[in-house]
Amino acid sequence: MIETAEDVRSVTLALVGLSHHRTPLEIRERLALAGDQLTAELRRLSGRFPGTELVLLSTCNRTEAYLFSQQTVDPVELLGEMAGGRQINIAHLSDQLYQHDGPAAVRHLFRVCSGLDSMILGETQILGQVKTAYLAANQAGTTGKVLHALFQESFRAGKLVRNQTRISEGRVSFGSVALTFAQKIFSDLRGKTALILGAGETAELVVEHLLGAGLENLLIANRSAERAAELVRKHGGEWLPLEAIAKHLHRPDVLIGSTASDRPLIHAAAMREALARRGERPMLMLDLAVPRDIHPDVGTLDPVFLYDLDDLQQMVADGLGRREAEVAKAEALVKDHCDRFDLALSEMDLEPLIASLHRRGAVIRTQELDELFARQPFDEVQRRQIEKATQRIVSQLLHDPVEEIKEAAKDGNSYFAFQFFRRLFRLRDGENR
Amino acid sequence: MNALNLGEKALLLGSLLFYFSGAMQGLSFLFSRRDRGVPAVPVILFGFLLQTVFIGLRWRQLGSFPPGHGRFEALVFMIWTVILVYLTVQARTRAPSLPAFVMPVVVVLFGGVFLSIDETDSKTPVFREYWVYSHMVTAFLAYGTFVVAFVMGLMYLIQERQLRAKKMTRLMSRLPPLETLADLAYRAVLLGFPLLTYSLVLGAARAAMQGTENWLADPKVISAMVTWIFYAAFLAARLARWLSGRKVAYFSILGFGGVLFTYLLTGLIMGGAHPFQ
């Protein structure tokens, strides 16, 4: 029976989760689930909380449970059950958890799909991750009418926001900036060579972007053979001792500086020779080191395109700034979508709700009539008159509430009106779906 | 007999309008948010068809190869060769930004066409000779390639500027990579140079055989030879791998200056007897 506000809350669409905003990586990592593990967990949780529609979104940056249920289900309890399975006590994370109900849950999901809640604003990976989560839940059989509608709409929302705003445009990482420059200097990265001086993590990330776009040959010049060996193992390529790079400067098309040297390692004079040896073909140079590995004079040479850390940071900041300028527009689009979805949801709800109320009326009427006719002998005519009169009573009593709820359904904010309606008439599971 | 009739005027104007439309479509692509394909090409192709028909009609009307009959016809033919070379390049390279740069140049050249619309000369039987035809056709084809190389050079410099400005701009993403532009410029010259050589050799042989006096001192001839030497040096330096992309662009742009001078200005400014009777 629905007796308390908590009960109302639980017959509801809800979401509970942890994300990169407040939860450190070590915990997020442990909660991350994929593939068969995810499907198994969905089934397990569905068994523990029967009659609950459930989707688990589990990525390296967030773990969220979306649920819709008729019973009294505490979303936190459900997430706690999931976390417990990974040896994490949810009670210790209560200040990191966030919870949303009804329209707020819808809005959250739409924002997530639009990239508005991501660590890197506007990133596009998340949409694919949400789709994967939804498909996994389908496979595990834990989705139902409401979550189907919700997730389908969220994909549309995510796509729309990205198409109609610039929230996903521009380059916002060193790697993608570097790749863009490379693609505007060289007609084809295949067959090109990159040389990393040193072996910083950023340099590795940048090279990964280039390798991903078709660059084939990698040279690593490092003092430490082990660190270089690690990179070679991961990405292939050739190791050169750092002291010997002067002889190899003509080989790379892309040169990345990333050593801890306190002086520049590459100067214009040496570069001039190397460029002549290369037939003056263009060279992209990215100096990620501080202090710089490449002397700035090198950037004045004709075929050289030199970008240092400041340049790259500025471009990333510009890109992020442009995305941030789109946030207001994106949020407005999300709100619009939420309103429309809420309307659709209420339309879905409306008929069954009215039908269940009528059924309640019919059940009560039938019960009372049966009892009356059992106690008192009425003739056919009297019976019919009583039946008709009682029918009219029930219809008239229910007429106004039904009209009111239909009115409420047309208005955008019907969600809580519906919840209250259910509560008012104590309509429950089995009766209204 | 030489004035354009109504049909010819319509064809000429029609091709200009289509080229202009191509230019507008190209430019709007350059500045638009969405990354569309190359919508300008069908429009340009149609304009090219109209212009081809126009040249054919003029040929029939004049009785011989039109460019021999004066500046107007020659400019029309030059534009035709530029479009021909451009379409060839466009067919091989997916570079949707090309129309935005090539077509405005074509429209400007068309301006020259309308300025000289009444300068058609009906005599000159010398142009009935095969050698002279070939000399002119190959010269114009060569000019067409050099104009395209010029545009590639311009685009190169613009793109290089974008890259050195250290900002991500939409223009940068719309323009092709530098390597592609330098390569296209070089290959256009590589195509045009033999054509120019053939043209000059034919012209020299013809003049020598005819015993024309002092043909070597004619300004147009000198200018053409300087242009030839210039492009020869360009190709040689490029083959020796001495030239960076930027220098390739500079050569392509300067070379076009030479072409303009040779063709248009020597006649205007310095007189001289070319074409020789």
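# A walk through chains A and B

Start by selecting chain B, whose elements run α-α-α-α-α-α-α-α-α from the N terminus on. That comes to 9 helices and 0 strands. Keep in mind as you look around that this is a predicted model. Chain B has 277 residues, and 52% of them are buried. Color its surface by atom type if you like: chain B exposes about 12,400 Å², with carbon and sulfur atoms supplying 70% of that area. Now turn to the contacts inside the chain. Of those between residues at least 6 apart in sequence, 80% join residues at least 24 apart.

**Stop 1: a serine in helix 5 of chain B**

Select Ser134(B), which you will find in helix 5, residues 130–164 of chain B. Is Ser134(B) buried or exposed? Its relative accessibility is 9%, so Ser134(B) counts as buried. Setting aside residues up to four places away in sequence, Ser134(B) touches Tyr198(B) and Leu202(B). For a sense of distance, add Arg241(B) to the selection: the two residues are 107 apart along the chain, and their C-alpha atoms are separated by 33 Å.

**Stop 2: where the chains meet**

Now show both chains. Here 33 residues of chain A are in contact with 24 residues of chain B. The area buried between chain A and chain B is about 2,200 Å², and carbon and sulfur atoms give 48% of it. Which three residues of chain A should you highlight for the area that chain A buries against chain B? Pick Lys184(A), Asp302(A) and Phe305(A), which supply 30% of that area, more than any other three residues.

Next, look at polar pairs. Between chain A and chain B there are 16 residue pairs in polar contact, both residues having pLDDT of 80 or more. On the side of chain A that touches chain B, the elements giving two or more residues are helix 7 (145–164), helix 8 (174–185), strand 10 (304–308) and helix 12 (309–324). Helix 8 of chain A gives the largest share, 6 residues. By type, the residues on this side of chain A divide into 12 nonpolar, 8 polar and 13 charged.

**Stop 3: salt bridges across the interface**

Side chains of opposite charge can pair when their charged atoms come close. How many salt bridges are found across the interface of chain A and chain B? There are 4, while the count over all chains comes to 27.

Select Lys192(A) and Glu179(B), a salt bridge whose closest N and O atoms are 3.4 Å apart. Lys192(A) lies in the loop between helix 8 and strand 5 (193–198) of chain A and Glu179(B) in helix 7 (residues 178–210) of chain B, so this pair joins two chains. Both Lys192(A) and Glu179(B) are buried.

Move on to Asp302(A), which forms a salt bridge with Arg246(B), with 3.3 Å between the closest N and O atoms. This pair also crosses between chains: Asp302(A) sits in the loop between strand 9 (283–287) and strand 10 of chain A, and Arg246(B) in helix 9 (residues 245–270) of chain B. Asp302(A) has a relative accessibility of 16%, so Asp302(A) counts as buried. Add Lys247(B) as well, for Lys247(B) forms a salt bridge with Asp302(A), the closest N and O atoms being 3.5 Å apart.

Stay with Arg246(B) and add Glu160(B): these two form a salt bridge, their closest N and O atoms 3.2 Å apart. Glu160(B) is in helix 5 of chain B and Arg246(B) in helix 9 of chain B, so the pair ties together parts 86 residues apart in sequence. Glu160(B) is buried, at 6% relative accessibility.

**Stop 4: inside chain A**

Select His337(A) in helix 13, residues 327–375 of chain A. His337(A) is buried, with a relative accessible area of 5%. A polar contact of 2.9 Å joins its side chain to that of Glu153(A). Leaving aside neighbours within four places in sequence, the contacts of His337(A) include Phe110(A), Arg156(A) and Leu160(A).

Finish at Asn61(A), in the loop between strand 2 (52–58) and strand 3 (62–69) of chain A. Asn61(A) counts as buried at 18% relative accessibility. Not counting residues up to four places away in sequence, Asn61(A) touches Leu18(A), Ser19(A), His20(A), Arg28(A) and Met119(A).

Definitions and conventions. Residues are numbered from 1 along each chain as its sequence is written. Chains are lettered from A and ligands numbered from 1 in the order in which they are written. Side-chain values use heavy atoms; hydrogens and water are left out. Contact means heavy atoms within 4.5 Å. Buried area is the accessible area (1.4 Å probe) that two parts lose on being put together, summed over both. A salt bridge is a side-chain nitrogen of Lys or Arg within 4 Å of a carboxyl oxygen of Asp or Glu. A polar contact is a pair of N or O atoms within 3.5 Å; within protein, one must be able to donate a hydrogen and the other to accept it, and residues adjacent in sequence count only if both atoms are side-chain atoms. Helices (H or I, at least four residues) and strands (E, at least two) are DSSP runs, numbered from the N terminus. Ala, Val, Leu, Ile, Met, Phe, Trp, Tyr, Cys and Pro count as nonpolar, Asp, Glu, Lys and Arg as charged, and the others, Gly among them, as polar. Buried means under 20% relative accessible area, exposed over 50%, partly exposed in between (1.4 Å probe, protein chains only). Accessible areas come from the Shrake-Rupley method with a 1.4 Å probe; for residues, only the protein chains shown count as cover.
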